[in-house]
Amino acid sequence: MSDLRTINIIIAGVGGQGNLFSSRLIALAALNKGFYVAVGETYGAAQRGGSVMSHLRIGQKEVGPLIPQHSAHILLGFEPAETLRVGASYLNPQASVIMNTHPIYPAEVLTGQLEYPPTTEIEEKIGKLCSDLWTLDAVELATKTGSPLVMNTVMVGALIGSQLTPLTQNDLEQVISSQIRRLQKVNLEAFKLGFKTVRKVTLAFS
Amino acid sequence: MGYDVMFGKTGNTVLGLGNEAIARGALEAGVQFAAAYPGTPSSEILGNLALVSKGLGIYTEWSTNEKVAFEAATAAAWSGLRALASMKQNGLFVVLDSLINVAFSGHGKGGLVLVVADDPLAHSSTTEGDSRPLGNYSDVVVLEPFTHQQAKDIISYAFDLSEKYGLVVLVRETTRLAQSRAPFTLGEVPHPSRKAVFDHSIPLHNLPRPHIRHAELHTRLEEIRKKEFEKSPWNRYTGPRQPSLLIITSGTGWKYANEATQILSTKGVGILALTTLSPLPEKLILKHLKSAKKVLFLEEIDPYLETQIRSLSAGLSKTATPKFYGKLSGHIPSYGECNIDHAIDAISRIQGIKYTPVSRAYAVKAKEAATLAPRRALTFCPGCPHRAAYYSILQAIKKNKGKGFVTGDIGCYSLGAFYHDIMRSQLSMGAGAGLASGFGNLDQFGLDEPVIAVMGDSTFYHACLPALVNIIYTQSKVTSIIFDNRSTAMTGFQPHPGIGIGATGEKVTTVPIENLLKGIGFTEISVIDPFDIEKSIKAVYKAITATTSHAIVFRRECALITNRRLIKSGEPAPRFIVDTDECIGETCKICSVQFNCPACVWDNETSKARIDGVLCNGCGVCVQICPAKAITGVKR
Ligand code: SF4
Ligand code: SF4
């Protein structure tokens, strides 16, 4: 991807999942590589548990903080229902989706007032809206490192492992090492797990 | 926090928020005094200045409200310093009276800059307000940067202008600049060493004849228009001499205009990005109008440029007047954000270009697919003291045969609007208490329900005090409830006067809420832990059935603060479980549906409640409200 186009990445998830932090890590790695980056964030009233969406744009040109509808190249979904909700507005038949399959139930689902659809059904719908869909249980992988909280870093690893961006494993490992002090080792491990998981699938595809 | 931005070396290119760029810009401008009241999307400006203030000898404060912040900053400017006040658009509404007065009077020899962050689409606001026409109306200078680099650099320019012409300079930004990240390059941070001196030569009043001051002010604004803005390098035009379409824009609109024309590959478009918004560079604008047949306005919130420039065009001959497109013509929605999609839509309609990023069939399929995702309504966190307090208020009203209603205002507790619809009003800061003061005097006209005013701790100091005085003074019959969660939680946990901590984390004097209430004249004041449900219900019931005005302070720190503390100390949070043999099941659902704690999970398979150990914040309220005593604590 050495052309001049801007790569549009959207991270969709729920407040408290750490997607603002992840978008910053990826953006910093891109900035260090000499790219122009713009990060736009939409998180409503910012309370924990609401929908959160980050628009991340990496390229050569100065662009705005918002990705035009149906113009995402990559959708990094931290939560299945949010991936579908955001995907419906921003995906297109050429786009790629990398999705964590571990759901976070909205309060009304938890208290039995609404139903959450089976994840397989969500996957099927998203699959029909994009060119390829990778799925992984990033929470399970994160738990292997000892902290389910680093699910977000597993997802960053998955994004880089997909080779859909111009960023390398080394680019991100450097940023993680410089930006994270507490839980640095755990985050590096989480990154590698996500990276390997998707890398394996990518290799099998090609 | 923006450590890279605030502590970064000269020449570094950093990735920061628009607000961080502004905070750094203030440092580079040699600001010595900064005051603010927190409010999304503006809060990070003072938050970041407070971060570095000690080391650089800068004074920062979280003021009790925006008006006080602006007045405190005015004092510093009057004493010769460079002073900044920052706020969200609602703050400007609060400041307006003082602002217009200071515009008239001048503010001495120092520089006075007001940064206002507007919130189009009201992401974190109750209304969409535009500070540009208000700045114009107040006769202050208005600037709006359109990139992060400009946002940083413009602060120095704003201070220069303010000092040179003796005018207040308002810098406007919107959410998509304030809260988005982009690269910018850092400049040098000086060590300002100005001493504050009270300036006896210039009084800050407009006596005896304010209208003369008004005339002088207009002369100065004219001077700035001619000498500074008509040829200002801050305004930028790109495009051909005779554009097929001229886009006039301010703020984020510049990026949208550029990108939309590229996406549509439309040729011959000219973009005039204006930064100096009041007074407007009229000659420059007229020159561009004459060269264009069609003009589109891309701007956030109000059609400010559109109306100003349309009226400016009244002096043009009919043939020289272009056709105007924008919010007034319906090409851009007159509400919400002016985003990239609206820009693409408007330009494609004006230029007759077909734009279909995906097929119709695809769009329909996508829309249909989205309906599968269940909605994610905002709700109080598990273990939130506000939920417990509202639950008790609901029970007290129930006990009072359903009579009673709640007025409220702005803060996390605004979510009470969704909690069994209990909160019936959410206007401006302090408005819940003001409304209640009125309701409490309507009994003589037949109103037969007690009114309950709820207010947050930070809001209490901000704007509730005058209303509370009014309640006592007019003998209005109101139950005033203060939700004291020990921080300004909604905007990022800034301290307030009740906590004893200042902007840089230093220890300061505490101004206790109950002391103020006592001083105002409340005789019935109770301070209660909202997690004690029985006591809480009793107190609220007693208050709403009494003949005098009661005040209740529900005091309990925000669950997120408790959580952080527990994580830091490594101390385990209390844990709870449901004894499924005891749980009544379907006919009860008090913990999950009525109390509505998201950690009181309803298990559809067993038709019983279950506590989610990860989500639970250990408040213990469910234990108290379960009629079957099915929920108990677990020893670890
Ligand atoms: S489950 Fe019970 S103890 Fe835990 S947060 Fe909810 S109400 Fe409080
Ligand atoms: S309140 Fe008690 S009895 Fe009622 S559903 Fe909850 S656990 Fe069961």
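**Exercise 1. Place Gln163(A) in chain A and describe its backbone.**

Solution. Begin with the position: Gln163(A) is in the loop between H6 and helix H7 (169-179) of chain A. Keep in mind that this is a predicted model. Next, look at the backbone angle: phi of Gln163(A) is near 60°. That value is positive, and the residue is not a glycine.

**Exercise 2. Describe how helix H1 of chain A packs on helix H6 of chain A.**

Solution. Two packed helices are described by the angle between their axes and the distance between the axes. Let's take both in turn.

- Step 1, distance: the axes of H1 (residues 19-32) and H6 (residues 151-161) of chain A come within 9 Å.
- Step 2, angle: these axes cross at roughly 35°.
- Step 3, handedness: the crossing of H1(A) and H6(A) is right-handed.
- Step 4, contacts: H1(A) brings Phe21(A), Ser22(A) and Ile26(A), and these meet Asn152(A), Val156(A) and Leu159(A) of H6(A). Here a contact means heavy atoms within 4.5 Å.
- Step 5, classes: the contact residues comprise 4 nonpolar and 2 polar ones, with no charged residue.

**Exercise 3. Find the cis peptide bonds that precede Pro41(B) and Pro279(B), and say where these prolines lie.**

Solution. Start with Pro41(B), which is joined to Thr40(B) by a cis peptide bond with omega about 10°. This proline belongs to the loop between strand E2 (33-36) and helix H3 (44-56) of chain B.

Now move on to Pro279(B). The bond from Ser278(B) to this proline is cis, with omega near -5°. Pro279(B) falls in the loop that runs between strand E12 (276-278) and helix H11 (282-291) of chain B.

**Exercise 4. Characterise the surroundings of ligand 2.**

Solution. First, the site: ligand 2 takes up the space of the largest cavity. Second, the neighbours: the residues around ligand 2 include Cys583(B), Cys588(B), Cys591(B) and Cys626(B). Also among them are Val578(B), Ile584(B), Lys589(B), Trp602(B) and Pro627(B). Third, the classes: the shell has 11 nonpolar residues, 1 charged residue and no polar ones.

**Exercise 5. Repeat the analysis for ligand 1.**

Solution. The site comes first again: ligand 1 sits in the second largest cavity. Then the neighbours: 14 residues surround ligand 1, and the closest are Cys597(B), Cys616(B), Cys619(B), Gly620(B) and Cys622(B). Finally, sort the shell by class: 10 residues are nonpolar, 4 are polar and none is charged.

Technical notes: Residues numbered from 1 in each chain as written. Chains lettered and ligands numbered in written order. Predicted model: local features only at pLDDT ≥ 70, side-chain atom pairs only at ≥ 80, totals over all residues. Heavy atoms only, no water. Near = heavy atom within 4 Å. 1 Å grid on protein atoms, 1.4 Å probe; cavity = no way out; pocket = protein on both sides within 12 Å on 5 of 7 lines; lining within 4 Å. Sits in = over half its atoms within 2 Å of the grid points. Nonpolar A, V, L, I, M, F, W, Y, C, P; charged D, E, K, R; others polar. Axes fitted to C-alpha atoms, helices over the stretch in contact; angles between N-to-C directions. Helix = DSSP H or I, 4+ residues; strand = E, 2+ residues; numbered from the N terminus. Left-handed = near helix turned anticlockwise from the far one by under 90°.
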